[in-house]
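Please consider the structure shown below together with its sequence. A learner and a teacher will then discuss how to read it.

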Amino acid sequence: MFRHTSLRFWALGLIAAAAVLRALTAEYFGVEMVAEIAILAILVIALDMVAGFGGMVSLCHGALMGAGAYAYAMLTVKVGLAPSAAFAGAIAITGAASWLIGAVCGRSHGIYFIMATLAFGQMGYSLVFEQPVFGGDDGVSGVPRIDLSLIGLDLNDPRTFAFACLFVLGLVYWFATHVLQAGLGRTLTGIMHNEQRMRALGVNVWRIKADMFGLSGMIAAAAGALAAQHVMFVSPGLLNWTVSGEALVVVILGGLGTIIGPVIGAIAFVMLKHEVSAHTDYWHLVVGLILIAVVMSRANGIFGWLEQRLSRARPSSARDVIAHQVRKDLAAQGALEDA
Amino acid sequence: MQADLGFWVLQGLNALQLSMLLFLLSVGLTVIFGLMHFVNLAHGSLYALGAYAAATAGAAIGFWGGLLVAPFAVAALGVVLYLVFIRRMRRAGPMAQVLVTFGLIFVMLDLTRIVWGAQALSAPVPALLDGRLTILGVEYPAYRLFVIALGLAIWGVLALVLGRTQIGAMIRAGVDNDSMAACMGIDVEKMFFLVFCVGCALAGLAGAVAAPLLSVTPDMGLQILIPTLIVIVIGGLGSLKGAIAGSLIYGVVQTFGAVLFPQFASILIYGLLAAVLILRPAGLFPAKG
């Protein structure tokens, strides 16, 4: 279950302050980076909700984000809906689709779940790629941003847009932590720890998994709709499975099952990407090596490592037990599958 | 045009050729998973490396030399990967394995770019197989027939080894129940190492065979990975029968889908995969009942 420890409060406050300061003072490029980080952070919070608290390691969250982006683009450009209605529509459509994916894939565990989500993600990718309605390889361009002139804001201004992204990120953080602390989140974590026992207690397991996956998909769609507005353009590359893989990398880099960790992971990932790309073309080599090092070090990412260091004096805290349990359970699930 | 026999023969051969290529890749991956529950996403990268090794060696010592060198070169890399990463990740659970091998994909993608550049290499078809043969009134490139024959031959050899020899019986025992096999005195770890090397060599061979058919690019491994995973999930993880059945299904659906329903070819295959996962979550021919 998710708990707000003092370390998490401090980290959250520090990140919020740094983000606002950066969005206020940075030049154009820095402001764009704030928006990019905020969008990625929204996506990885969605992924951490299901992977870190439900053991549902999804390789289709990139595709869900892409679906949200495409839904927003199609509803505004091709259907002609008002951007704010399209934003809500994109979240609803993608949420429904991801609820279905969760309902179908929820029956499988471990590697089968990973493969099943990968299959659905790729299905979406080829759907968008091959159907002429979606513009094929060229994608859809001319995607408008939401018009907030009623309250005196112009989202076409990069700084305002970055603040809007940060605002949505804050909202998503609040929503995700509340869902995880509510009955749904607690039940899901119970299922992750012992599905058999939860079933014996009368819990409708597939329903819980599908509900959480649906909510997670809605958040991913919000990230997608923001991404579409950010670059004002969508292309099939958004739905490619490597995007989902990168999102998983960010979650692992930050710390699985900590919510705040993935946000830190997103900051580290985007900053590292810009830093490395400035020096070499081989960005993938660097990210691959970092990923391997993080996973093989067995620490739970940057934030997990930090929490472990700071809580070493105290008797083993609940979150360490959870992080440990996630690993154990995932391994046990794999073994059970094959038995 | 779709009514005449020639069309079906031609597309049937195309399907078979794609199936055999996928079979070479998926059989190694599926047996590695079946034996040790290890998920190796980097299998596609090994295939790309095999293609590069064959193209490079082929330029120096001819196609047949390249075809011979590639499996050994990739198996050698497999040994390194095994010693550095895979042995340590054996008990780490599927997520950690997926992540580490996903990292390996990125690393190998850029390493091939650094060594061979981003330009596509081309590998020539050997003179011996350059022509066309006529089968049932259809002219078909001899090289593609060679790919089909090679795939069938490898299938035959593997079926023989797995089904009729002692080492095959030991591998099947390991897939069925590895702790029990270990209790019976089988060195499961050593067997896994052997199977892993053979799987890598087959991936290298697949790359070498594919090099003259497709252009050799750094991301060819990423492109083949998803079809390979689909094959083993449809077929069932861990079984030779599953690998060949999955390959044939994928080859037929993809080839005929692309000709008959061009708009829906890929969606057809992913839809099939989803259906299999829902109805038979363990695949059509799982190694264990």
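The dialogue that follows takes up several features in turn.

Q: What should be known about the model and its numbering?
A: This is a predicted model, in which local features need pLDDT of at least 70, side-chain atom pairs count only at pLDDT 80 or more, and totals for chains, interfaces and linings use all residues. Residues are numbered from 1 along each chain as its sequence is written, while chains are lettered from A and ligands numbered from 1 in the order in which they are written.

Q: Which residues of chain B does UniProt list for "transmembrane region"?
A: UniProt positions follow the numbering used here, feature names are shortened, and annotations may be inferred rather than shown by experiment. The unreviewed entry lists residues 20–39, 46–64, 70–86, 98–122, 142–162, 192–214, 220–240 and 252–279 of chain B. Residues 46–64 of chain B are 100% helix and 0% strand, with end C-alpha atoms 19 Å apart. For chain A, the annotation from an unreviewed entry includes residues 85–104; that span is 100% helix and 0% strand, and its end C-alpha atoms lie 29 Å apart.

Q: Is helix 1 of chain A largely in the open or buried?
A: Helices (H or I, at least four residues) and strands (E, at least two) are DSSP runs numbered from the N terminus. A residue is buried if 20 or more other C-beta atoms, placed from the backbone, lie within 10 Å of its own, exposed if 12 or fewer, and partly exposed in between. Of the 20 residues of helix 1 of chain A, two are buried, so this helix lies largely in the open.

Q: How many residues does each chain give to the contact?
A: Two residues are in contact if their C-beta atoms, placed from the backbone, lie within 7 Å. Chain A contributes 38 residues and chain B 35 residues. On the side of chain A that touches chain B, helix 5 of chain A supplies the largest share, 14 residues.

Q: In what sense do strand 1 and strand 2 of chain B pair?
A: Two strands pair if DSSP finds at least two bridges between them. Strand 1 (residues 132–135) and strand 2 (residues 138–141) of chain B pair in the antiparallel sense over four bridges. T134(B) has E139(B) as its bridge partner in strand 2 of chain B. Two residues stand between the strands of this hairpin, where L136(B) takes a positive phi near 50°.

Q: Which residues have the most contacts inside the largest nonpolar core?
A: A nonpolar core is a set of buried Ala, Val, Leu, Ile, Met, Phe, Trp, Tyr and Cys residues joined through C-beta atoms within 7 Å. The largest has 220 residues, and I42(A) and I45(A) have the most contacts inside it.
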